Amino acid sequence: MSELHHNLIGGEWTDGDDVIANINPSNTDDVVGEYARASEADAARAIAAARDAAPAWAQSGPQQRHDILKAASDEIMTRREELGRLLAREEGKTLPEGIGEAARAGQIFGFFAGECLRQAGDKIASVRPGVDVEITREPVGAVGIITPWNFPIAIPAWKIAPALAYGNTVVFKPAELVPGCAWALVDILKRAGLPDGVLNLVMGRGSVVGQAMLDSPDIDAITFTGSVATGKSVAAACAEHMRKVQLEMGGKNPLVVLDDAALDTAVECAVNGAFFSTGQRCTASSRLIVADGIHDRFVAAVTERLKGLVVDDALKEGTHIGPVVDENQLSQDERYLAIGREEGATLAWGGERLNRDTPGFYLQPALFTETSNDMRINREEIFGPVASVVRVKDYDEALAVANDTAFGLSAGICTASLKHASHFKRNSEAGMVMVNLPTAGVDYHVPFGGRKGSSYGPREQGRYAAEFYTTVKTAYTLP
Ligand code: NAD
């Protein structure tokens, strides 16, 4: 048995109620590690610890916060290959994708280390003579952080770093499938010098630990990334307690390809956006909306590219696409493959379960053609390496189809036309718009988030993160 990784509560590494084995989706015989599973009582202790630590951390100076976040950033960057390997082993991204994500976490901590030193307020002239008005931002208090499995280190980083930078304490509950990166990140931050109780880790079930966080009156704000279904219950619980909430949820992101697009660029955007990271990205291009004039050439070229992609063990050199994260997700992907066929879509390529040297959840990337936007495969998030092509006659129809969705996270267009690119940027109903770039793949220093069913509450990342992690105070003084 491997060493047990504990929860962190009030600065102490503690056992949970029971233990969960972290399984490698590329090889289910490989146990990545053993992780404590927190109970409801553990969650309550973690929340109490975060509350107790909140006043002192709110008063901590910018230098102290900066130094801790900077030390964490430096360690993550130094260990990015090792952390990337852990990520690839527990989640199934390829090794280069895992290393890239680990480096991204380091960059995020570096950005927010800088933000610690750049917190300013406004001093504004009063409409009343002799009165001074000052506007400042203060920490919200104890923040609950609930994260999904598909970005095991980047999403925790882009929530924990701003929470700490703006003076909040944290109760962090990672997804059950990926405790490894979460534990490693918390260990790094503890050793970087965080005072006890400022960051608490409670690994465990959403229905137990997550629910205890939602039900507690002692958490001041909750930031959540995950599915729409869970997000709705998070929002309802936060309304009940009148507390701040931020939700990042699913997507059904369109990539429009116009007749005048550079074919190579369009194919690269589609293949990268739809299938890399096994299609398990909230920003994945699951709807490829393609104009009639380029449709057949585009489908032929994408299919050719898919035939050349190597689906195999995430840690093997040369693998382009790792496994699906687990049996549940693989069954969901296969269910949607069956639904697509029943709805009359043509499966142009892929969709077969694959056997490799090790037992894992391998699925051939799948491309549906001759689909319409009202099919379930084009309305519901599949969250796997499955994309559909919707044929349209022109730009106007493409834009209408792109916006005809309950989601609004990311949207892309491939075109040589400045007119259409500009019009699309203005009229797309998505929070992020990409021109001649994949719908997935964003910078870490600018806002991230969507509209409609994809996001709720303030944006994440960059300086916009302050909206969620601080509360504004307006002070009037008559000297
Ligand atoms: P999920 O909703 O099943 O779980 C997310 C987190 O919520 C997990 O930590 C889980 O344990 C917890 N949880 C579950 N039930 C809970 C409850 N009752 N109370 C509190 N917490 C609970 O999502 P997932 O399967 O881990 O992640 C996949 C989803 O995440 C996809 O829909 C994807 O689009 C979305 N996602 C969105 C973004 C974004 O930024 N928009 C980014 C990545 C992933």
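Reader: How many residues does helix α1 have, and what distance does α1 reach from its first C-alpha to its last?

Author: In this predicted model, helix α1 runs over residues 40-59. At 1.5 Å a residue, a span of 28 Å is expected, and the value found is close to that. Helix α1 has 20 residues and reaches 30 Å.

Reader: At which residue in α1 does a kink lie?

Author: The kink in α1 is about 40 degrees. The proline P55 follows shortly after the kinked position, which is A53.

Reader: Is W57 in α1 buried or exposed?

Author: Buried here means under 20% relative accessible area. The residues of α1 that meet this include D42, A43, I47 and A53. W57 is also listed with them, as buried.

Reader: Which residue has a side-chain oxygen within 3.3 Å of the backbone nitrogen of A41?

Author: This contact is at the start of α1. The backbone nitrogen belongs to A41, and the side-chain oxygen that reaches to it belongs to S39.

Reader: Which residues does the UniProt annotation "domain: Aldehyde dehydrogenase" cover?

Author: The annotation comes from an unreviewed UniProt entry. In the model, the end C-alpha atoms of the span lie 40 Å apart, and the span is 41% helix and 23% strand. The annotation covers residues 13-474.

Reader: What percentage of the ligand's accessible area does the protein cover?

Author: Among the residues that come nearest to the ligand are T147, S227 and C282. A polar side-chain atom of K173 lies 2.9 Å from a ligand oxygen, and a side-chain N or O atom of S227 is 2.6 Å from an oxygen atom of the ligand. On its own the ligand has 840 Å² of accessible area, of which the protein covers 86%.

Methods:
Residues numbered from 1 in each chain as written. Predicted model: local features only at pLDDT ≥ 70, side-chain atom pairs only at ≥ 80, totals over all residues. Heavy atoms only, no water. Helix = DSSP H or I, 4+ residues; strand = E, 2+ residues; numbered from the N terminus. Expected span 1.5 Å × (residues − 1). Bend = angle between axes of the 7 residues up to and from the residue. Buried < 20%, exposed > 50% of the residue type's maximum accessible area, 1.4 Å probe, protein only. Polar contact = N/O pair within 3.5 Å; in protein donor to acceptor, adjacent residues only side chain to side chain. UniProt positions renumbered as here; feature names shortened; annotations may be inferred. Near = heavy atom within 4 Å. Areas by Shrake-Rupley, 256 points an atom, 1.4 Å probe, with all protein chains shown as cover.
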